[in-house]
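Subject: Handover of a structure and the findings on it

Dear colleague,

Please find below the structure that I am handing over to you. My findings follow directly after it.

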Amino acid sequence: MRAIVAVLLFVSATHAALWGLLQDKRQAPDFAGTLPSVSYTPFEPGHVVDKTTDPDKIRTDLKKLSTMTRAIRAYSAAEGNELVPPIAAEFGLKVTVGAWISTDDQRNEHEIAAAIDLARRNSNVIGIVVGNETVYRGEQIPIENLGQQPGMGPEPEEAARILGEEAQRLRDADAQPEDKRAEAVKWAIAENNVQRLIKLIQRVKKSVSVPVSTGEIWNIWRDHPALAHNTEFIAAHILPYWENHSDKQAVDQAMYLYKVLRDMFPGKRVVIAEFGWPSAGYNNLNADPGRFEQAVVLRNFVARADAIGAEYNIVEGIDRPWKSFEGGVGPYWGVLDNAGQPKFSWTGPVVDLNYWKLATIALLVGVLLSLPILRLFEPTVMQALLLSATSNAVGAWAATVFAYWDTHYFMFGSAFALTLGLILLVPLVLIAMARIEEIAAVAFGRGPRRLLAKGTTPADSPCPKVSIHIPAYFEPPDMLKATLDALARLDYPNYECVVIINNTPDPAFWQPIQDHCRMLGERFKFINAEKVKGFKAGALKIAMDRTAADAEIIGIIDADYVVDPDWLKDLVPAFTDPHVGLVQAPQDHRDENRSLMHYIMNGEYAGFFDIGMVQRNEENAIIVHGTMCLIRRAAMEMAGGWAGDTICEDTDLGLAIIEQGWLTHYTNHRYGKGLLPDTYEAFKKQRHRWAYGGFQIVKKHWRRFLPGASRLTPDQKREFSLGWLNWLGAESLGVLVALLNLVWVPIVAFAGIAIPDKILTLPIIAAFLVSLGHFLIMYRLRVPVKTGQMLGAMVAAMSVQWTVSRAVAQGLITEHLPFARTSKGGLSRMSIEFQAFWEAVIGVLLLVGAGVLVATNTKQVRELYIFATVLVLESLPFLSAVAIATLELSRVNAFEFWKNSAVRTAELIGLRPVSLPGVTAPSQLSLPGVTAPPQPVASEVQREPS
């Protein structure tokens, strides 16, 4: 145990060291001065300001901003913004007032009047900016605002002149050569709005004594010089993020564009009216937002701008969460967060101020998740190392989630989406951890301790009487005869067989069995029961009534199982321990070579019996699966016998026996082989029955997992709980997440909002990779199958995700579904319906959704590519079902096809001679006694499926 504790300490120390080594520290010029100006809007969610309650909020904001800037720029003169100049004066802040201009002429008049009034009444107003990116937004200013008097439009003659000039510009543009026409029309439309904006600016200039301009993107000033000539200064917006420049290029680009405007308009006052960088959100091509990027860009920009004496305004002072309409980065342009706290320091190395808080969270979660390792029975060093590393990785993810939650703003919709995503991810993470734990136990742990091995039976073991029950419902007589013949050959002196045919009125099915039992002798009891209720459990109850009074052990086998003669001889001795209530042997099948589909189906079954059952047996928590099972009669009676309230009566009884405190044992040696489902439809129906019955068992038994409700140990409760979560939960969760993601695709692709963050999508990819690695590693270590069968088994396992999830959904809304017999023995025919229709629909929709995300991702947002990858991975289980359903209908499914293909390939490449029809000479045909020489006969190339 000391070694294990040392491993945990080592991993935790390594984890802490990695946080120390990976701490991001970036260098940037120090800035100890005061910013000349920052943007500020007092709006809160809802885009309104309550004049009676919000002055204190504005006062708090401006008090904080006064410690870092000399002035602020506002964007509106109404909706509460009129409170800003007088409150700013209390803290010695200058104000550049904004008048918001749009297509609403009445609002425009109100904004202009309010801006003029603020400039006249407040001495700290140093300028007015009429409109903000009005030309860039393409919002045409109403002609009613172009008169010289407030609320009065221009004279009719003036209006006609304006409209005539605008129409002429459009005609001139339309007359341009075709290759230049579109650009010319675009310029003409913008120029028309520029001229209208100039008239508004001139109108305001006549009413105030402070400089007047408009705020526009730098290229609007470049392309429409008339705008610069009619303003008292150029208020240029230079935002490299929106122009796809990286954070390393941003400052150089800003300085270059500033020089372009200075050179184009010599002697004109040029102000960089907006420069900034977002601290969170999604990348825009090469532009990556982030707190480090924001800090480095702003500190470099301020240093460069101050060095050349440039005037500038930083956008913005405080984060505004309501700006989500600007995309993922909209709320995150502030130097301060929404609570008024600095996002970074202006001096010293740029570091994450909360970094060590996150490291502490990661380490604490990692340590807490590692503690259960100490409860494992004799874990090895490598086993503990892998488990502890996994726990600490989950801890690091938890810290990342906390950091995301702490640094992002959530409206109701985004908060709901994130909360739902995390709720779905928690069981996904638990499932991934359970699978890694199983890998650690099998790959690095000690070998199985409780597994019954063949050949260890004591020679003088007692031979208690065994009553073997074989329920049958419309089973092929020849198949059932083979089962009974195998039972007659058992190498065990003290047993009987009770054959119970239930609800099978057709004599063709039961008469041959009755005759066969008579032939086999008095050991074999035959029962033909009509109108049996309770499905298979009802039949087994009848068999119990006809069981010999001195039978101590009850054996259960399905009607298609041919058992090994040593079955009872090897396994009954385990009952010499009076605490043993049940011994289970695995299922296996003897008809895997019927087709390629059956071959991979059998490989899929083998994984459960060679991996999961072996590991569960270590904790005395095996799943009883109704055939090749031996049960102590006393244990069965104590557990209440066969119950007919679930369609998985075998698992239900087995769990009830374990809940009574009995020991169970398992062997992975094959003592019997049955038949595989005839068709893929039958395979899916069987899996649906198992899943639906499993969910019934969860609903029936969950109370017995409460403290003191049964004799289950904590380890048994954990194994059963994780087993149900791993099977029923994982499949249902996978379908639910896939369907939710499908619904989310159009919202993300066409509305451009609610893009899933990496903390939600990368864990899905990681969980898929863990599942894939778990399957491949465990099969390689435990399941003796060839590589081809293993890969086929993986496809078969994925193909029933939709089936299992449907069963769980039906289990939520229904109490009882009828027992569906699995078609075996070749009596059933394939349905004319395609057996993976809905899987095909969902799988194709997921692929189309991924394609749509990639095609519409013009900004190359990385989260969208990750989301598309998740959709592709989520489509694989659905497409696996399509692949198997298609395989079943194809010639490729027949082994004869592959054998013939091998022969043809060998002939083509010359590995064997080609068999050609012989040609006999006419003279030879006419001569008696003369025969043609023998032709070479191609030997068949044998190829085992792989």
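Is Val783 buried or exposed? Val783 is buried, with a relative accessible area of 5%, a value that falls under the 20% limit for that class. Please note that this is a predicted model, and the remarks below should be read accordingly.

Val783 is found in the loop that runs between α24 (758-782) and α25 (787-799). Leaving aside residues up to four places away in sequence, Val783 touches Ala606, Gly607, Asp610, Ile611 and Met778. Arg518, by comparison, is 265 residues from Val783 in sequence, and the two C-alpha atoms are 41 Å apart in space.

I turn next to strand β12.

Strand β12 comprises residues 553-556, and both of its faces are covered. On one side Ile553 and Gly555 are buried, and on the other side Ile554 and Ile556 are buried as well. In a regular strand, side chains alternate between the two faces of the sheet. Two strands pair with β12. Strand β9 (residues 466-472) does so in the parallel sense, over four bridges, and here Gly555 is the bridge partner of Ile468. Strand β15 (residues 629-632) pairs with β12 in the antiparallel sense, also over four bridges; in β15, Leu630 stands opposite Gly555.

The second largest pocket may also interest you.

The second largest pocket holds about 1,400 Å³ of space. It is lined by 43 residues, of which Asn132, Glu133, Tyr136, Arg137 and Ile217 are the closest to its centre. Helices α5 (134-137), α7 (178-205) and α8 (218-223) each supply at least two residues of this lining, and α7 gives the most, with seven residues. By character, the lining of the second largest pocket divides into 18 nonpolar, 12 polar and 13 charged residues.

Finally, I looked at the salt bridges.

The structure holds 51 salt bridges. Side chains of opposite charge can pair when their charged atoms come close. Three pairs may serve as examples.

- Arg161 and Glu165 form a salt bridge in which the closest N and O atoms are 2.5 Å apart. Both residues lie in helix α6 (residues 156-174), and because they are four residues apart there, about one helical turn separates them. Arg161 is partly exposed at 36% relative accessibility, and Glu165 is partly exposed at 35%.
- Arg26 forms a salt bridge with Asp24, with 3.0 Å between the closest N and O atoms. Arg26 is partly exposed, with a relative accessible area of 25%, and Asp24 likewise counts as partly exposed, at 27%.
- Arg107 and Glu79 meet through their side chains in a salt bridge of 3.8 Å, N to O. Arg107 lies in helix α4 (residues 105-121), whereas Glu79 lies in the loop between β2 (71-73) and α3 (84-90), so this pair ties together parts that are 28 residues apart in sequence. Arg107 is partly exposed, with a relative accessible area of 28%, as is Glu79, with 33%.

Beyond such pairs, Lys454, Asp491, Asp566, Lys569 and Asp570 are joined into one network by salt bridges that share partners.

With kind regards

Terms used. Residues numbered from 1 in each chain as written. Predicted model: local features only at pLDDT ≥ 70, side-chain atom pairs only at ≥ 80, totals over all residues. Heavy atoms only, no water. 1 Å grid on protein atoms, 1.4 Å probe; cavity = no way out; pocket = protein on both sides within 12 Å on 5 of 7 lines; lining within 4 Å. Points joined across faces, edges and corners; volume = space filled by probe spheres on them. Nonpolar A, V, L, I, M, F, W, Y, C, P; charged D, E, K, R; others polar. Buried < 20%, exposed > 50% of the residue type's maximum accessible area, 1.4 Å probe, protein only. Pairing = 2+ DSSP bridges. Salt bridge = Lys/Arg side-chain N within 4 Å of Asp/Glu carboxyl O. Contact = heavy atoms within 4.5 Å.
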